[in-house]
Amino acid sequence: MAKEGLFYKFLLWRDKYIKEKHFILVVSFLVGICTAASAIILKQLIHLIQHLLTGNFNESGVNYLYLLYPVIGILLAGLFVKYIVRDDISHGVTKILYAISQRKSRIKPHNVWSSIVASSVTIGFGGSVGAEAPIVLTGAAIGSNLGRLFRMEQKTLMLLVGCGAAGAIAGIFKAPIAGLVFVIEVLLLDLTMTSVLPLLISSVTAATVSYVFTGTEAMFKFSQTEVFEIERIPYVLLLGVFCGLASLYFTRVMNRVEGMYRRLGVYWKKFLLGGVMLSILIFLFPPLYGEGYDTIGSLLNGQFSHIMDKSLFYDLNDTYWGILVFLFLILLTKVFASSATNAGGGCGGIFAPSLYLGCISGFLFAHASNYFPFTMYISEKNFALLGMAGIMSGVMHAPLTGVFLIAELTGGYDLFLPLMIVSISSYITILMFEPHSIYSMRLAQKGELLTHHKDRAVLTLLNTDSVIEKDFQTVAPEMSLGDMVKVIAKSGRNTFPVIDGKGVLLGIVMLDNIRNIMFRPELYNRFHVSKFMVSAPAKIKIGTPMEQIMGIFDDTKAWNLPVVDEEGRYVGFMSKSKIFNSYREVLVENFSGD
């Protein structure tokens with residue numbers, strides 16, 4: 001109680017002496033320190049577990065423990081989540097997007113530590129995913145919960161969630177600019193003068209802490225021994241198209257495979273299928289083990305002759321076609337390994353898989369191109385680096401993040417122009433087929449994604465239930481015109497839903513359609529509702545996204561439309577006027593200060 005009293009005194013002192021905008025900068029600095037510490041702890045745990053498990057593996061032969069370790073990893077992580085955390089912590093970036101989309105920005109306190117534990121075990125034991133999405137969720141949780149601790153308002157909470165995500169990216173990659181750009185481009189956080197400085201402070205602080213504890217070297221050692229020449233630009237454009245198509249393959253296949261696992265329902269079924277799939281793939285292709293950063297480092301430095309170490313195919317290491325086929329098979333199967341890891345109970349993200357696939361895609365493109373005698377020679381090292389930006393841009397729909405992250409990760413600033421070209425061409429290619437990133441498509445399918453488009457954002461924030469009107473008088477199809485007139489006398493509406501005994505909507509009665517007969521008593525027993533009811537121009541199902549509802553209103557030109565549930569039972573009516581009134585209220589409440 002004494003501690004609480006002191007804390008409340010501090011809050012009162014802060015309100016009195018420190019302006020809100022200045023205190024936000026202090027909190028963003030704290031967020032940067034905490035997220036960097038979390039990132040360092042996570043990376044060290046992963047490396048420690050991997051070293052203990054695989055440090056003595058035979059380089060020139062088969063290692064059967066590859067069949068066992070990944071299964072143990074996703075089992076331990078899954079049991080931890082299922083029985084200790086008791087909450088879904090997968091798809092970290094999607095969860096942050098959802099929190100921001102709903103303008104709540106409240107992320108549960110356990111996310112500060114639960115993702116670190118689950119992902120370190122998953123990846124350390126060989127799960128074929130990345131640590132970045134879990135640490136981004138951790139960072140966002142740190143920002144959200146620090147903001148709530150200091151009783152900060154809703155809009156500030158959203159900014160601190162962004163600060164946490166930016167600090168996490170900057171801390172784990174030592175890439176402060178990429179952290180800032182990621183928040184703006186992937187998390188769709190609006191960039192204003194009041195938000196730039198806190199985001200920068202968190203990013204720079206996190207990167208600085210990482211530099212202090214892990215050194216100032218770039219994450220991947222890359223030395224550009226072959227200068228990029230302008231004549232190679234057509235090849236860079238083609239690489240971008242190739243990366244865009246590879247990104248589309250990765251996005252679509254992951255979405256479908258995850259759907260397949262969801263349909264299994266029972267946890268143990270998902271674990272068994274995921275464990276078997278993952279262990280077999282890693283046994284056949286050991287580079288799929290963990291994040292795959294060793295493979296990236298080898299390809300970026302032209303050391304691809306050892307790519308098949310620790311595998312069944314060790315003897316093919318020095319053959320041109322052996323390396324080409326081996327890497328192509330990894331390109332195809334990585335998405336299955338990543339999906340199996342997460343769906344089977346593990347915890348990880350697709351940052352590392354994107355970088356990994358990008359590096360392999362760029363190397364494969366250059367390696368295959370150089371085989372043909374009439375083509376210009378292109379650097380396999382340079383194109384491996386460019387491919388990383390291409391796949392990241394395509395999968396995340398984030399060309400700027402791809403450019404700055406790869407430049408900061410590798411120190412490859414001399415390749416800035418081709419990095420931009422490959423990122424843009426990859427992004428444009430996938431955009432032709434898939435309008436949403438792998439992160440946002442899940443929310444977009446549910447109509448829960450907030451965007452920079454203010455009209456769409458307001459529609460997303462509208463609560464569908466709040467605009468359903470239920471004061472319409474219902475009638476039965478067997479009712480006579482006389483009974484109908486009595487109902488009309490009690491109602492202030494011009495539309496009457498017709499429902500059967502089970503509540504299913506059969507049609508509607510429009511007052512204008514019966515006005516010519518409703519004042520003729522001699523017809524009261526001759527006509528029944530079933531004779532003069534008409535079909536509704538359209539029916540709106542409960543749960544339909546508001547943006548889609550407005551499209552239905554535009555298509556039908558109607559002002560009132562009935563709402564039904566999944567079984568077709570009548571729920572109420574929606575009117576354009578009610579939606580417009582609610583729209584104005586949400587606009588004033590959420591965007592008046594923008």
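Axes here are lines fitted to C-alpha atoms, for helices over the stretch in contact, and the angles between them run from 0 to 180 degrees between N-to-C directions. With that in hand, welcome to a set of close-ups of a predicted model.

**View 1. Helices H3 and H5 pack side by side at an angle of about 160°.** Here the axes of H3 and H5 (residues 114-124) are 7 Å apart. Angles over 145 degrees count as roughly antiparallel, and H3 and H5 are therefore roughly antiparallel to each other. Their crossing is right-handed. On the H3 side, look for Gly-73, Ile-74, Leu-76, Ala-77, Phe-80, Val-81 and Val-85, which meet Ser-114, Val-117, Ala-118, Val-121 and Thr-122 of H5.

**View 2. Arg-86 sits in the loop between helix H3 (69-85) and helix H4 (92-101).** Follow H3 from the previous view into this loop to find Arg-86. Arg-86 is not a glycine, yet its phi is positive, at about 55°. Is Arg-86 buried or exposed? Its relative accessible area is 68%, so Arg-86 is exposed, the cut-off for that word being over 50%.

**View 3. Lys-174 is found in the loop between helix H7 (154-173) and helix H8 (176-185).** Lys-174 is another residue other than glycine with a positive phi, in this case near 55°. Its surroundings can be judged from its relative accessible area of 12%. Buried means under 20%, so Lys-174 is buried.

**View 4. Helices H10 and H17 cross at roughly 45°.** The axes of H10 (residues 233-264) and H17 come within 7 Å. H10 and H17 are therefore oblique to each other, and their crossing is right-handed. Which residues of H10 meet H17? Among them are Ile-233, Val-236, Leu-237, Gly-240, Cys-243, Leu-248 and Thr-251. The residues of H17 that they meet include Pro-418, Ile-421, Val-422, Ser-425 and Thr-429.

**View 5. Cys-243 and Cys-347 are two cysteines to look up in this model.** Cys-243 belongs to H10 and is part of its meeting with H17. The relative accessible area of Cys-243 is 0%, so this residue is buried. Cys-347 has a value of 3%, so Cys-347 is buried too. How many disulfides does a search of the whole structure find? The result is 0.

**View 6. Helix H19 (residues 454-461) has the lowest confidence in the protein, at a mean of 47.** Residues 451-459 have pLDDT below 50, and beyond near neighbours in sequence this stretch has 22 contacts in the model. Residues 590-594 also stay under 50, with 13 contacts beyond four places in sequence. Where pLDDT is low, the predicted coordinates should not be read in detail. By contrast, confidence is highest in helix H17 (residues 416-431), at 94.

**View 7. The protein as a setting for the close-ups has 24 helices and 6 strands.** Its mean pLDDT is 84, and 87% of its residues reach 70 or more. Of its 594 residues, 57% count as buried. Among contacts between residues at least 6 apart in sequence, 75% join residues at least 24 apart.

Terms used: Residues numbered from 1 in each chain as written. Predicted model: local features only at pLDDT ≥ 70, side-chain atom pairs only at ≥ 80, totals over all residues. Heavy atoms only, no water. Disulfide = S-S within 2.5 Å. Buried < 20%, exposed > 50% of the residue type's maximum accessible area, 1.4 Å probe, protein only. pLDDT = per-residue confidence, 0-100. Helix = DSSP H or I, 4+ residues; strand = E, 2+ residues; numbered from the N terminus. Contact = heavy atoms within 4.5 Å. Parallel < 35°, antiparallel > 145°, perpendicular 65-115°, else oblique. Left-handed = near helix turned anticlockwise from the far one by under 90°.
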